[in-house]
Amino acid sequence: QVQLVESGGGLVQPGGSLRLSCAASASIFNILAMGWYRQAPGKERELVASITSGGHTNYADSVKGRFTISRVNAKSTVYLQMNSLKPEDTAVYYCYVDTGYRSWGQGTQVTVSS
């Protein structure tokens, strides 16, 4: 099973930026897609952004124009650049990788507060 390690979360003021990273423990050669979900307290986990092996991206409406997903195939790593952060972006962010089987990271906390 693939292990994913996330980093980059933290506390930021509204309007600020964070960059999340998610790296696989070993090179993965059959990635179909990678992406990020988030879960706020009392809410269901929701898809934030995804990127396929061909580079096609998909974003939640709430983050379009503010978040950018990217990946480095050779490193089996996916990034989430988050700009113009809002308090409602506060959540635990989880990365995943699809290889025909979905593997999850452990989650990283993002808190947007003044």
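This report walks through the fold, the aromatic residues and two further residues of the structure above.

## Overall picture

The model is a predicted one, so please read every value below as computed from that prediction. The protein chain holds zero helices and eleven strands. Read from the N terminus on, its elements run β-β-β-β-β-β-β-β-β-β-β.

What does the radius of gyration say about the chain's overall form? For 114 residues, a compact globule would have a value near 13 Å, and the protein chain has 13 Å, so the two agree. Along the principal axes, the C-alpha atoms fill a box of roughly 40 × 25 × 25 Å.

Of the 114 residues, 44% count as buried. The accessible surface comes to about 6,000 Å², and carbon and sulfur atoms account for 48% of that surface. As for charge, the chain has 10 positive and 7 negative charges, and the mean positions of these two groups are 6 Å apart.

Sequence separation is worth a look too. If we take the contacts between residues at least 6 apart in sequence, 54% of them join residues at least 24 apart. The residues below give some concrete cases to look up in the structure.

## The aromatic cluster

The structure holds three aromatic pairs. One of them is formed by Y37 and Y96, which meet edge-to-face. This pair links distant parts of the chain, with Y37 in strand 4 (residues 33–39) and Y96 in strand 9 (residues 91–98). Both Y37 and Y96 are buried.

Y37 also pairs with W104, and here the planes stand at 70 degrees, so this pair is edge-to-face. W104 lies in strand 10 (residues 102–104) and Y37 in strand 4, so the pair ties together parts that are 67 residues apart in sequence.

The two pairs can be set side by side:

| Pair | Centre to centre | Angle between planes | Separation in sequence |
|---|---|---|---|
| Y37 and Y96 | 5.6 Å | 65 degrees | 59 residues |
| Y37 and W104 | 5.3 Å | 70 degrees | 67 residues |

Together, Y37, Y96 and W104 form one aromatic cluster. Are Y37 and W104 buried or partly exposed? Y37 has 18% relative accessibility and therefore counts as buried, the cut-off being under 20%. W104, with a relative accessible area of 33%, is partly exposed.

## L18, in strand 3

L18 is found in strand 3, which covers residues 18–24. Its relative accessible area is 15%, so L18 is buried.

Which residues does L18 touch, beyond those up to four places away in sequence? The list is G8, G10, V12, L80, Q81, M82, L85 and V110. The C-alpha atoms of L18 and S84 are separated by 9.3 Å, although these residues are 66 residues apart along the chain.

## N30, in a loop

N30 lies in the loop between strand 3 and strand 4. With 44% relative accessibility, N30 counts as partly exposed.

Leaving aside neighbours within four places in sequence, N30 is in contact with D98 and T99. D98 is worth finding on screen, since strand 9 covers residues 91–98. The C-alpha atoms of N30 and G100 are separated by 8.5 Å, with their positions 70 residues apart along the chain.

Definitions and conventions
Residues numbered from 1 in each chain as written. Predicted model: local features only at pLDDT ≥ 70, side-chain atom pairs only at ≥ 80, totals over all residues. Heavy atoms only, no water. Helix = DSSP H or I, 4+ residues; strand = E, 2+ residues; numbered from the N terminus. Rg over C-alpha atoms; globule rule 2.2 N^0.38 Å. Buried < 20%, exposed > 50% of the residue type's maximum accessible area, 1.4 Å probe, protein only. Contact = heavy atoms within 4.5 Å. Areas by Shrake-Rupley, 256 points an atom, 1.4 Å probe, with all protein chains shown as cover. Lys, Arg positive; Asp, Glu negative; His and termini not counted. Charge placed at Lys NZ, Arg CZ, Asp CG, Glu CD. Phe/Tyr/Trp six-rings, centres within 6.5 Å; stacked < 30°, edge-to-face > 60°.
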